[in-house]
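These are my notebook entries on a single model, written down in the order in which I looked things up. I kept to contacts, burial and metal coordination.

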Amino acid sequence: MTDCIFCRIASREVPAQVIFETDSVVAFHDLNPQAPVHALVIPRRHIDTLNDAQEPDRDVLGELMLAGAEVARRLGCAETGYRAVVNCNQDGGQAVYHVHLHILGGRRLGWPPG
Ligand code: 5GP
Ligand code: ZN
């Protein structure tokens, strides 16, 4: 989807501070970080929301989680802790409609979220 900002980041058409990438996912720093560590992990394949994920997406969603843990290790918050979040639709606060995993850490995060 050429009008999707995350598809354009995945294809390197739009620059991002990439942490690492694999054949199926890309991890990069969030443009507007909400914590000392705030990274996003996206599947290369466009999926609008978590609601739209289907059986064939099972593997890539698993990879997203494993990549999230790898991001936390690389950015130094794996041991202190972090939050892995997928926002879905309006009430979830989703702004970009290409599934992504937020990795937030580097400070104590509040719970419950606002
Ligand atoms: P959402 O609210 O959809 O869960 O989160 C979208 C996230 O994407 C936000 O944290 C926002 O700062 C980030 N974001 C939006 N556009 C860009 C961009 O062009 N580059 C990067 N690196 N992050 C972006
Ligand atoms: Zn997309």
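Entry 1, a salt bridge in a loop. I began with arginine 45, which counts as partly exposed because its relative accessibility is 43%. I note at once that the model is a predicted one. The side chain of arginine 45 meets that of aspartate 57 in a salt bridge, with N and O 2.8 Å apart. I then looked up where the two partners sit, and found both arginine 45 and aspartate 57 in the loop between S3 and H2, 12 residues apart, a pair that links distant parts of the chain. Aspartate 57, at 7% relative accessibility, is under the 20% limit and therefore counts as buried.

Entry 2, other charged pairs. How many salt bridges does a search of the whole structure find? The search returns 7. I recalled that side chains of opposite charge can pair when their charged atoms come close. In helix H2 I looked at glutamate 70, which is partly exposed at 23% relative accessibility. Arginine 73 forms a salt bridge with glutamate 70, and the closest N and O atoms are 3.1 Å apart; the two residues both lie in helix H2, 3 residues apart, which is about one turn of the helix. Glutamate 70 also meets the side chain of arginine 74 in a salt bridge, at 2.8 Å from N to O. Because arginine 74 and glutamate 70 are 4 residues apart in helix H2, about one helical turn separates them. For arginine 74 I read a relative accessible area of 48%, so the residue is partly exposed. Elsewhere, I noted a network of salt bridges that links Arg12, Glu21 and Arg44.

Entry 3, the zinc site. Which residues coordinate the zinc ion (ligand 2)? I found Cys4 and Cys7, each through SG, together with His46 and His98, each through ND1, at 2.0 to 2.3 Å. The 4 donor atoms subtend angles of 106 to 118° around the zinc ion, and the arrangement is therefore tetrahedral. Along the sequence, the donor residues are spaced C-x2-C-x38-H-x51-H. One pair of these residues links distant parts of the chain, since cysteine 7 lies in helix H1 (residues 5-10) and histidine 46 in the loop between S3 and H2, 39 residues apart. I compared the accessibility of this pair as well: cysteine 7 is buried, with a relative accessible area of 11%, whereas histidine 46, at 21%, counts as partly exposed.

Entry 4, threonine 49. I stayed with the loop between S3 and H2, where threonine 49 is found. Is threonine 49 buried or exposed? At 5% relative accessibility, threonine 49 counts as buried. A polar atom of the threonine 49 side chain lies 3.0 Å from the backbone nitrogen of asparagine 51. When neighbours within four places in sequence are left aside, threonine 49 is in contact with Cys88, Asn89, Gln94, Tyr97 and Val99.

Entry 5, the nonpolar cores. The largest nonpolar core has 17 residues, and Val41 and Val71 are the members that touch the most others. I listed the elements that give two or more residues to this core, namely strand S1 (18-21), strand S2 (25-29), strand S3 (37-43), helix H2 (58-74) and strand S5 (101-105). The largest share, 5 residues, comes from H2. For valine 41 I took down the contacts beyond four places in sequence: Val25, Val26, Ala27, Leu64, Ala67, Gly68, Val71, Val99, His100, Leu101 and Ile103. Apart from this core lies another, of 10 residues, among them Cys7, Ile9, Val26 and Leu40. Cys7 thus appears in that core and also among the zinc donors.

Entry 6, valine 18. The last residue I looked up was valine 18, which has its place in strand S1 and counts as partly exposed at 26% relative accessibility. Not counting residues up to four places away in sequence, valine 18 touches Arg12, Val26, Ala27 and Phe28. I also noted its separation from leucine 40: the two residues are 22 apart in sequence, and their C-alpha atoms are 9.5 Å apart in space.

Methods: Residues numbered from 1 in each chain as written. Chains lettered and ligands numbered in written order. Predicted model: local features only at pLDDT ≥ 70, side-chain atom pairs only at ≥ 80, totals over all residues. Heavy atoms only, no water. Core = buried A, V, L, I, M, F, W, Y, C linked by side-chain atoms within 4.5 Å. Buried < 20%, exposed > 50% of the residue type's maximum accessible area, 1.4 Å probe, protein only. Contact = heavy atoms within 4.5 Å. Donors = N, O, S within 2.8 Å, 3.2 Å for Na, K, Ca; no water. Tetrahedral: all angles 85-135°; square planar, octahedral: opposite > 155°, others 65-115°. Salt bridge = Lys/Arg side-chain N within 4 Å of Asp/Glu carboxyl O. Polar contact = N/O pair within 3.5 Å; in protein donor to acceptor, adjacent residues only side chain to side chain.
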